[in-house]
Amino acid sequence: MSNNGKEPNGNNKPVPLKTLAGAEDKPLKIGDIEIPCYVLEDETRVISQRGLYGGLKTTGGGHSGAALDSSLMPRIAQAKWLEPYISPELRAVLSSPIEFVPPHGGRTAYGYPAKAFVDLCEAILKARDNRTFASQQEAIIMQADLIMRGLALVGITALIDEATGYQEIRVKRALALILEKYLADELQAWIKTFPMEFYEEICRLNKWPKEYAINRPAVVGHYTNDLIYERLAPGVLEELRARNPVITNGNRKHKHHQWLTRDHGHPELQKHIEGVIVLMRISKTWDEFKRNLEKAYPKPVEALPLFKKTSDEDASRIA
């Protein structure tokens, strides 16, 4: 996505995109080649203009003396020997570099989507394969070959995310979106959420007396966290604990589910509880149930290594 989608300013010029990740001292490294790259606020991965020219060991604008921030297509893409291999789509992208605000601020910079950079390298190698180049283009061809070899095992998007540090930001942004969907800004009115069968099945599978379904031991709080909230969505339980802390008597002032959104969080919670109860019904022992649970509802936090699982420090009745 380019800056064409941004709101225009008073001069009908697209507003430069801000930089989410990347820095001059965090280039994309492919062998001995270092290429400045950034992730913009719309998550477009870009190679800076200087990075494109430097990476391919070529010069900049479309004519002698052209500034790096011109909207002209890079000179390399206009070369007669390469022109037949530049698609109309690539030509359009290279003719409209994306203006963005570098992380250090100051004068805006320009760049190209990472895919356009890869497509340009591929076009150069097609020209090489068809032997439509002269000896003075050999250095450019060698650079394009080195770059494409470096990208053979890992895609350019992953490499840019690693170079700029955006892989960590991406996870945090994903978590923020999840919490926005699941958690309400204000405490919701209490409604009955956990059916008695949930507690009765816990008692049956653990061979506890039936009255424990009403007078629940503290461990049931741990079980509820483990079976339900930790498996609902990444980061939800941690945020619920922060919003609904343990008070002086060792319990929590409200029920965790009162902080869930009515349009998404609470329906997803109920759906998950119903699924867990089904697994309980078909299981003969607690161990069998836990095995079924791990297959059907693995904890999503395990797929997000930046989020550390917190201990079940509370044994309060949270349901």
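In this predicted model, helix α8 (residues 196–206) packs against helix α11 (residues 265–282) at an angle of about 30 degrees, their axes lying 10 Å apart. Helices here are DSSP runs (H or I, at least four residues) numbered from the N terminus; axes are lines fitted to C-alpha atoms over the stretch in contact, and angles run from 0 to 180 degrees between N-to-C directions. The contact (heavy atoms within 4.5 Å) brings Glu 197, Phe 198, Glu 201, Ile 202, Arg 204 and Leu 205 of α8 together with Val 276, Ile 277, Met 280 and Arg 281 of α11.

What of α11 itself? At 1.5 Å a residue, its 18 residues should span 26 Å (1.5 Å times one less than the number of residues), and the end C-alpha atoms are indeed 26 Å apart. Among its buried residues (under 20% relative accessible area, 1.4 Å probe, protein chains only) are Leu 269, Ile 273, Val 276 and Met 280.

Turning to the interior, the largest nonpolar core (buried Ala, Val, Leu, Ile, Met, Phe, Trp, Tyr and Cys joined through side-chain atoms within 4.5 Å) has 42 residues, with Leu 82 and Leu 120 making the most contacts inside it. Helix α4 (residues 114–129) supplies the largest share of this core, 10 residues. Leaving aside residues up to four places away in sequence, Leu 120 touches Leu 52, Leu 56, Ile 76, Ala 77, Leu 82, Ile 86, Leu 90 and Leu 94. A second, separate core of 31 residues includes Tyr 182, Leu 232, Leu 260 and Met 280.

Residues are numbered from 1 along each chain as its sequence is written, and side-chain values use heavy atoms, without hydrogens and water. Local features need pLDDT of at least 70 and side-chain atom pairs count only at pLDDT 80 or more, while totals for chains, interfaces and linings use all residues.

Note on methods: Helices (H or I, at least four residues) and strands (E, at least two) are DSSP runs, numbered from the N terminus. Buried means under 20% relative accessible area, exposed over 50%, partly exposed in between (1.4 Å probe, protein chains only).
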